[in-house]
Amino acid sequence: MTRSSAATKLILAGACWGLLAASAQAAQIYSCVDGNGRRLTSDRPIRECLAREQRLLNADGSVKQVVPPTMTVDELAEAEAKKRQAELERAARQDAVRRDRNLLGRFPDEAAHNKAREAALDDVRKGVKFSEDRLVELQKERKPLVDEMEFYKGKKLPLKLRQQLDANDAATAAQRSLVQNQKEEIKRIDSLYDIELARLRKLWAGAPAGSLPVTAPPAPAASAGAKSAGK
């Protein structure tokens with residue numbers, strides 16, 4: 001046998017031994033029983049059993065090593081809580097970035113934002129105008145009823161007249177309440193756009209999307225019925 005062929009055989013033997021060793025290492029299996037009594041196996045440490053003893057098995061099933069718990073139950077719970085909190089914070093940051101980018105897409109400049117504000121306010125202002133015009137009509141409708149009521153001064157009012165007066169009173173009260181709610185809604189919309197504009201000015205100036213604190217929007221105006229119920 002030549003010297004070169006002997007060297008080649010040694011090299012091949014070494015390579016085979018390395019492959020066998022690597023194969024044996026890869027064949028190691030982690031095994032444990034989780035908190036629900038289930039037998040789990042994996043080719044790496046089992047997350048469900050971090051607070052439990054795990055057995056590292058050889059390829060033939062024999063126990064190579066007993067791995068002690070890496071975390072107590074409390075430590076594991078704390079780690080899980082921190083992980084969930086980190087995931088929530090990451091999702092919140094991503095949502096903030098997405099919101100700011102959408103905001104910049106909708107409003108490339110202050111003129112676009114002012115236009116949107118006026119469009120939002122215009123609908124409510126039209127509602128206020130309609131209700132105020134209706135109040136004027138109700139006042140006109142009430143005048144002849146009041147004049148007729150004077151005729152019955154000191155006497156019992158006819159049922160029909162009383163019903164007409166009551167209906168006029170109810171309609172007037174409803175319209176006044178509606179006007180009040182609509183005016184509160186105008187204030188809320190203005191406040192909302194003010195908050196949004198302040199944020200946009202910082203974003204237009206170069207603040208990174210998602211880097212600004214979130215300001216809570218103003219609450220919508222409560223209806224007259226809700227206010228009465230709360231008293």
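The legends below describe four close-up views of a predicted model.

**View 1. The disulfide between Cys-32 and Cys-49.** A disulfide is a covalent bond between the sulfur atoms of two cysteines. A search of the whole structure finds one such link, and in this link the sulfur atoms of Cys-32 and Cys-49 lie 1.9 Å apart. The angle about the S-S bond is 75 degrees, and the link of Cys-32 and Cys-49 is right-handed. The two partners come from distant parts of the chain, 17 residues apart: Cys-32 belongs to strand S1 (residues 29-33), while Cys-49 sits in the loop between strand S2 (39-42) and strand S3 (54-57). Both Cys-32 and Cys-49 are buried.

**View 2. The aromatic pair of Phe-151 and Tyr-152, with Lys-155 beside it.** The model holds one aromatic pair, and it is made by Phe-151 and Tyr-152, whose ring centres are 5.2 Å apart. The planes of these two rings stand at 90 degrees to each other, and the pair is therefore called edge-to-face, a term kept for planes over 60 degrees apart. Phe-151 has a relative accessibility of 61% and counts as exposed, because that value is over 50%. Tyr-152, in contrast, has a relative accessibility of 22% and counts as partly exposed, because that value falls between the limits of 20% for buried and 50% for exposed. Lys-155 completes the view, since this residue lies over the face of Phe-151, at 5.8 Å from the ring centre.

**View 3. Ser-131 and the residues that it touches.** Ser-131 is part of helix H3, which covers residues 110-151. With a relative accessibility of 1%, Ser-131 counts as buried, because buried residues are those under 20%. Which residues does Ser-131 touch, not counting those up to four places away in sequence? Its contacts are Gln-175, Leu-178, Val-179 and Gln-182.

**View 4. The largest pocket and its lining.** Rolling a probe the size of a water molecule over the atoms shows where empty space is left. The largest pocket found in this model has a volume of about 440 Å³, and 16 residues line it. Among these lining residues, Leu-103, Ile-195, Glu-196, Arg-199 and Thr-215 lie nearest the centre of the pocket. Two or more lining residues come from each of helix H2 (73-106) and helix H4 (159-204). The element that gives the most to the lining is H4, which supplies six residues.

Note on methods. Residues numbered from 1 in each chain as written. Predicted model: local features only at pLDDT ≥ 70, side-chain atom pairs only at ≥ 80, totals over all residues. Heavy atoms only, no water. Phe/Tyr/Trp six-rings, centres within 6.5 Å; stacked < 30°, edge-to-face > 60°. Buried < 20%, exposed > 50% of the residue type's maximum accessible area, 1.4 Å probe, protein only. Lys NZ or Arg CZ within 6 Å of the ring centre and 35° of its normal. Helix = DSSP H or I, 4+ residues; strand = E, 2+ residues; numbered from the N terminus. Contact = heavy atoms within 4.5 Å. Disulfide = S-S within 2.5 Å. 1 Å grid on protein atoms, 1.4 Å probe; cavity = no way out; pocket = protein on both sides within 12 Å on 5 of 7 lines; lining within 4 Å. Points joined across faces, edges and corners; volume = space filled by probe spheres on them.
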